Amino acid sequence: MKAAASCAEARSFAEVAAWDGTGRDMAVGACGTRLLLALLAYSPAIYAAFSQPSDSEFTFVLPPGREECFYQSTEHNSSMELEYQVIGGAGMDVNFNVFGPNGGNLISESRKSDGVHTIEPTMNGDYKICFDNSFSTISEKFIFFEVIFDDAQEDWSEIVQPEELLDIKIDDIKEAIANMNNKLSKSAQIQAVLRAFEARDRNLQEGNLGRVNFWSAVNLGVMLMVSFVQVYMLKNLFDDRRKVQT
């Protein structure tokens with residue numbers, strides 16, 4: 001608002017000195033300077049609005065003998081939930097480690113197929129989430145993981161004030177909407193977890209089907225070969241090779 005008022009004053013100054021080039025340049029320069037200062041003053045708030053951590057989920061392929069790490073930014077005194085599942089690959093296991101912004105090892109698991117961990121309260125900074133498949137030499141792993149933040153509800157009491165004459169309180173409406181939002185978010189998270197379970201079970205079933213078909217083909221080939229050998233041996237038993245003289 002102050003920047004707009006200053007620009008209005010600058011335009012008035014430019015109108016008074018419309019035929020004076022020096023006055024016009026000074027007015028435009030003053031307006032631009034004040035706008036630049038206003039943008040610089042509000043830039044931290046704009047950055048904070050776009051840098052809030054949000055829930056996310058990710059599925060990726062971890063090659064054999066490799067380690068992949070991801071970085072997640074968090075705010076101070078928040079709650080972060082980490083959930084991962086190995087949905088494909090031999091052994092269905094992986095090493096899982098989480099490091100805090102200070103470099104300390106917060107979570108360490110060895111050769112697990114899934115896990116759920118909550119970090120509360122969090123520190124301001126970047127958390128390092130690592131998946132290690134270095135113990136495997138030939139098998140890649142399909143991994144699904146999800147990051148969930150449970151922040152405190154924003155207080156709108158300073159923005160919206162309930163009217164005394166209203167039959168329904170605005171606070172009750174806000175509470176109902178917040179509860180509905182939380183339940184919808186939890187439903188979406190549960191559906192994502194169920195999709196991960198379904199993908200893992202489907203990979204297991206497809207792997208079992210492939211193995212069953214392979215060994216069935218092997219058994220059929222062995223049976224055909226044994227049958228051919230038996231017929232050949234029986235035929236040789238009844239074959240009279242003695243010479244008949246006439």
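In this predicted model, helix α3 lies across four strands, β1, β3, β6 and β8, and runs at about 20° to β3. The helix spans residues 170-237, while β8 covers residues 141-149.

The strands beneath this description belong to an open sheet of 4 strands, ordered β1-β8-β3-β6 and paired in antiparallel fashion. At its edges stand β1 (56-62) and β6 (114-119); each has a single partner strand, so one side of each is left without a neighbour in the sheet. On average, neighbouring strands are turned by 15° against each other, direction ignored. As a general point, the strands of a sheet pair through backbone hydrogen bonds, in either a parallel or an antiparallel arrangement. Here, β3 and β6 run antiparallel and are joined by 6 bridges. M80 offers a handy example, with I119 in β6 as its bridge partner.

A good place to look within β3 (residues 80-88) is E83. This residue has a relative accessible area of 13% and is therefore buried, as the cut-off for that class is under 20%. Setting aside residues up to four places away in sequence, E83 touches G115, V116, F144, F145, E146 and V193. For E83 and G115, a separation of 32 residues in sequence goes with a C-alpha to C-alpha distance of 5.7 Å.

Turning to the surface, a nonpolar patch is formed by F214, W215, V218, V222, M225, V226, F228, V229, Y232 and M233, which together have about 1,000 Å² of accessible area. One of these residues, V218, is found in α3 and counts as partly exposed, at 31% relative accessibility.

Notes. Residues are numbered from 1 along each chain as its sequence is written. This is a predicted model: local features need pLDDT of at least 70, side-chain atom pairs count only at pLDDT 80 or more; totals for chains, interfaces and linings use all residues. Side-chain values use heavy atoms; hydrogens and water are left out. Helices (H or I, at least four residues) and strands (E, at least two) are DSSP runs, numbered from the N terminus. Buried means under 20% relative accessible area, exposed over 50%, partly exposed in between (1.4 Å probe, protein chains only). Contact means heavy atoms within 4.5 Å. Patches are made of residues with over 30% relative accessible area and no salt bridge: like charges are joined within 9 Å, nonpolar side chains (Val, Leu, Ile, Met, Phe, Trp, Tyr) within 5 Å. Accessible areas come from the Shrake-Rupley method with a 1.4 Å probe; for residues, only the protein chains shown count as cover. A salt bridge is a side-chain nitrogen of Lys or Arg within 4 Å of a carboxyl oxygen of Asp or Glu. Two strands pair if DSSP finds at least two bridges between them. Axes are lines fitted to C-alpha atoms, for helices over the stretch in contact, and angles run from 0 to 180 degrees between N-to-C directions.
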